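Subject: Structure for you to look at

Dear colleague,

I am handing over the structure that we spoke about, and I would be glad if you could open it before reading my notes. What I found in it is set out below.

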Amino acid sequence: QVQLVESGGGLVQAGGSLRLSCAASGRTASGTAMGWFRQAPGKEREVVARISWSGGTIYYADSVKGRFTISRDNAKNMVYLQMNSLKPEDTAVYYCAAGRTTFGNYDYWGQGAQVTVSS
């Protein structure tokens with residue numbers, strides 16, 4: 001089992017920045033790929049970014065490329081999502097997730113962190 005806890009959400013004006021953090025714990029936290037997903041009201045959940053265990057493979061959705069940065073600190077079992085130049089359409093609940101492979105299914109999910117971007 002892997003437990004994930006997100007933090008760092010909040011309300012920010014368009015053009016501002018936020019940094020989401022995800023703390024991972026549990027027996028299988030080591031070696032897992034991590035990802036950030038988001039779900040806006042009335043919309044399906046979508047992937048935002050993915051990162052492999054080593055950090056050597058990173059993927060971003062087109063909608064966030066150049067504005068968001070995913071990173072991880074394996075020594076601390078932490079994953080981060082730095083979000084810059086935020087837009088109102090980035091408003092959503094953001095979820096941290098863990099899986100065995102970067103582009104496979106993600107088996108473990110956090111509770112979510114609300115990010116609201118005002119115009």
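**An exposed glycine and its surroundings**

Glycine 66 counts as exposed, with a relative accessibility of 83%. Please keep in mind throughout that this is a predicted model. The residue belongs to the loop between strand 6 and strand 7, and its C-alpha atom is separated by 9.3 Å from that of serine 85, although glycine 66 and serine 85 are 19 residues apart along the chain.

**A buried aspartate**

Is aspartate 90 buried or exposed? With a relative accessible area of 0%, aspartate 90 is buried, because the cut-off for that word is a value under 20%. This aspartate lies in the loop between strand 8 and strand 9. If residues up to four places away in sequence are not counted, aspartate 90 touches Arg38, Arg67, Phe68, Ser85, Val115 and Val117.

**The sheet of four strands**

The strands of one open sheet follow the order 1-3-8-7, and their pairing is antiparallel. Strand 1 (3-7) and strand 7 stand at the edges and have a single partner strand each, so one side of each is left without a neighbour in the sheet. From one strand to the next, the twist averages 15°.

If you follow the sheet from strand 1, you will find that strand 1 and strand 3 run antiparallel and are joined by five bridges, and that leucine 4 stands opposite alanine 24 in strand 3. Strand 3 then pairs with strand 8, again in the antiparallel sense, over six bridges. Here leucine 20 stands opposite leucine 81 in strand 8, while cysteine 22 stands opposite valine 79, also in strand 8.

**The nonpolar core**

Which residues have the most contacts inside the largest nonpolar core? They are Trp36, Leu81, Met83 and Tyr94, in a core that has 29 residues. The elements that give two or more residues to this core are strand 3 (18-25), strand 4 (33-39), strand 5 (46-51), strand 7 (68-73), strand 8 (78-83), strand 9 and strand 11 (113-118). Methionine 83 is worth selecting in your viewer: leaving aside neighbours within four places in sequence, methionine 83 is in contact with Gly16, Ser17, Leu18, Leu20, Arg67, Phe68, Tyr94 and Val115.

**The aromatic rings**

There are three aromatic pairs in the structure. In one of them, tyrosine 59 and phenylalanine 103 meet edge-to-face, with 6.0 Å from centre to centre and 80° between the planes. The angle earns that name because planes over 60 degrees apart count as edge-to-face. Tyrosine 59 lies in strand 6 (residues 58-60) and phenylalanine 103 in the loop between strand 9 (92-99) and strand 10 (106-109), so the pair ties together parts that are 44 residues apart in sequence. Tyrosine 59 is partly exposed, at a relative accessible area of 31%, whereas phenylalanine 103, at 53% relative accessibility, counts as exposed.

Elsewhere, Phe37, Tyr106 and Trp109 form one aromatic cluster. Arginine 45 lies over the face of tryptophan 109, at 3.8 Å from the ring centre, and arginine 19 lies over the face of tyrosine 80, at 4.0 Å from the ring centre.

With best wishes

Conventions:
Residues numbered from 1 in each chain as written. Predicted model: local features only at pLDDT ≥ 70, side-chain atom pairs only at ≥ 80, totals over all residues. Heavy atoms only, no water. Phe/Tyr/Trp six-rings, centres within 6.5 Å; stacked < 30°, edge-to-face > 60°. Buried < 20%, exposed > 50% of the residue type's maximum accessible area, 1.4 Å probe, protein only. Lys NZ or Arg CZ within 6 Å of the ring centre and 35° of its normal. Core = buried A, V, L, I, M, F, W, Y, C linked by side-chain atoms within 4.5 Å. Contact = heavy atoms within 4.5 Å. Pairing = 2+ DSSP bridges. Axes fitted to C-alpha atoms, helices over the stretch in contact; angles between N-to-C directions.
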